[in-house]
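Subject: The structure I promised you

Hi,

Here is the structure I said I would pass on. Have a look at it first, and then read my notes below.

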Amino acid sequence: MGLISLLWGIVAMVWMVLALIPLLGWGNWFLIPFAAVGAIIAAIGVLFTSAGNRGRAKTGLVLNGIVIVVAIGRLMLGGGVF
């Protein structure tokens, strides 16, 4: 679970960078649910792995959380979310 959430977070981060380009901000509408699913996978990974092996799952959770916050902020700046 940890590796999946980490890879999911990396893909979401790359997608977020692309969605920051002007006229590609509509990608944030699809990015937020994508990153939310990644965060859920990471949370499950944190819950069900042993304490010593949670590093990748925690990193995936942080990456997906950052992506969600930045995407919502970008939508708020563009007037997409009130």
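I began with the aromatic rings: a search of the whole structure turns up three aromatic pairs. One of them joins Trp26 and Phe30 in an edge-to-face arrangement, with 6.2 Å from centre to centre and 80° between the planes. In case those two numbers look odd side by side, a pair of aromatic rings is described by the distance of the centres and the angle of the planes. Trp26 counts as exposed because its relative accessibility is 52%, and the cut-off for exposed is over 50%. Elsewhere, Trp8, Trp15 and Phe34 come together as one aromatic cluster. Please keep in mind for everything here that this is a predicted model.

Now for the overall picture. The protein chain has three helices and zero strands, so if you read along the sequence you get the pattern α-α-α. Taken along the principal axes, the C-alpha atoms fill a box of roughly 45 × 20 × 15 Å. There are 82 residues in the protein chain, and 30% of them count as buried. If you take contacts between residues at least 6 apart in sequence, 72% of them join residues at least 24 apart.

Next, the outside. The protein chain has an accessible surface of about 5000 Å², and 81% of that belongs to carbon and sulfur atoms. Which residues make the nonpolar surface patch of about 1000 Å²? They are Leu3, Leu7, Ile10, Val14, Leu18, Ile21, Leu24, Trp26, Trp29 and Phe30. Two elements, α1 (2-19) and α2 (27-48), each give two or more residues to the patch. The largest share is from α1, with five residues, and Val14 is a residue of that helix. You will also recognise Trp26 and Phe30 in the patch as the edge-to-face pair from above.

A few single residues are worth a click.

Asn64 is my favourite. This residue sits in helix α3 (residues 55-78). Is Asn64 buried or exposed? Its relative accessible area is 0%, and since buried means under 20%, Asn64 is buried. A polar atom of the Asn64 side chain lies 3.4 Å from the backbone oxygen of Gly38. If you leave out residues up to four places away in sequence, Asn64 touches Ser5, Trp8, Gly9, Ala12, Ala35, Gly38 and Ala39. Gly38 thus appears in that list as well as in the 3.4 Å approach, and Trp8 is one of the members of the aromatic cluster.

Asn28, in helix α2, is another buried asparagine, again with a relative accessible area of 0%. Neighbours within four places in sequence aside, Asn28 is in contact with Ala19, Ala71, Arg74 and Leu75.

Gly2 belongs to helix α1 and is buried too, at 12% relative accessible area. With its neighbours within four places left aside, Gly2 is in contact with Arg56 and Ala57. The C-alpha atoms of Gly2 and Gly60 are separated by 7.1 Å, with their positions 58 residues apart along the chain counted as the separation.

Two residues fall in the partly exposed class. Ile72 is found in helix α3 and has 32% relative accessibility. Its C-alpha atom is separated by 7.6 Å from that of Ile32, 40 residues apart along the chain. Val37, in helix α2, has 39% relative accessibility and also counts as partly exposed. Between the C-alpha atoms of Val37 and Ile10, 27 residues apart along the chain, the separation is 13 Å.

Last, a look at the backbone. Most residues other than glycine have a negative phi, and most peptide bonds are trans. Leu23 has a positive phi of about 70° although it is not a glycine. Where is Leu23 to be found? Leu23 lies in the loop between α1 and α2, and at 78% relative accessible area Leu23 is exposed.

If you open the model, I would start with Asn64 and its contacts, then go on to Leu23 in its loop.

Best wishes

Methods:
Residues numbered from 1 in each chain as written. Heavy atoms only, no water. Phe/Tyr/Trp six-rings, centres within 6.5 Å; stacked < 30°, edge-to-face > 60°. Buried < 20%, exposed > 50% of the residue type's maximum accessible area, 1.4 Å probe, protein only. Helix = DSSP H or I, 4+ residues; strand = E, 2+ residues; numbered from the N terminus. Polar contact = N/O pair within 3.5 Å; in protein donor to acceptor, adjacent residues only side chain to side chain. Contact = heavy atoms within 4.5 Å. Areas by Shrake-Rupley, 256 points an atom, 1.4 Å probe, with all protein chains shown as cover. Patch = residues over 30% accessible without salt bridge, like charges linked within 9 Å, V, L, I, M, F, W, Y side chains within 5 Å. Salt bridge = Lys/Arg side-chain N within 4 Å of Asp/Glu carboxyl O.
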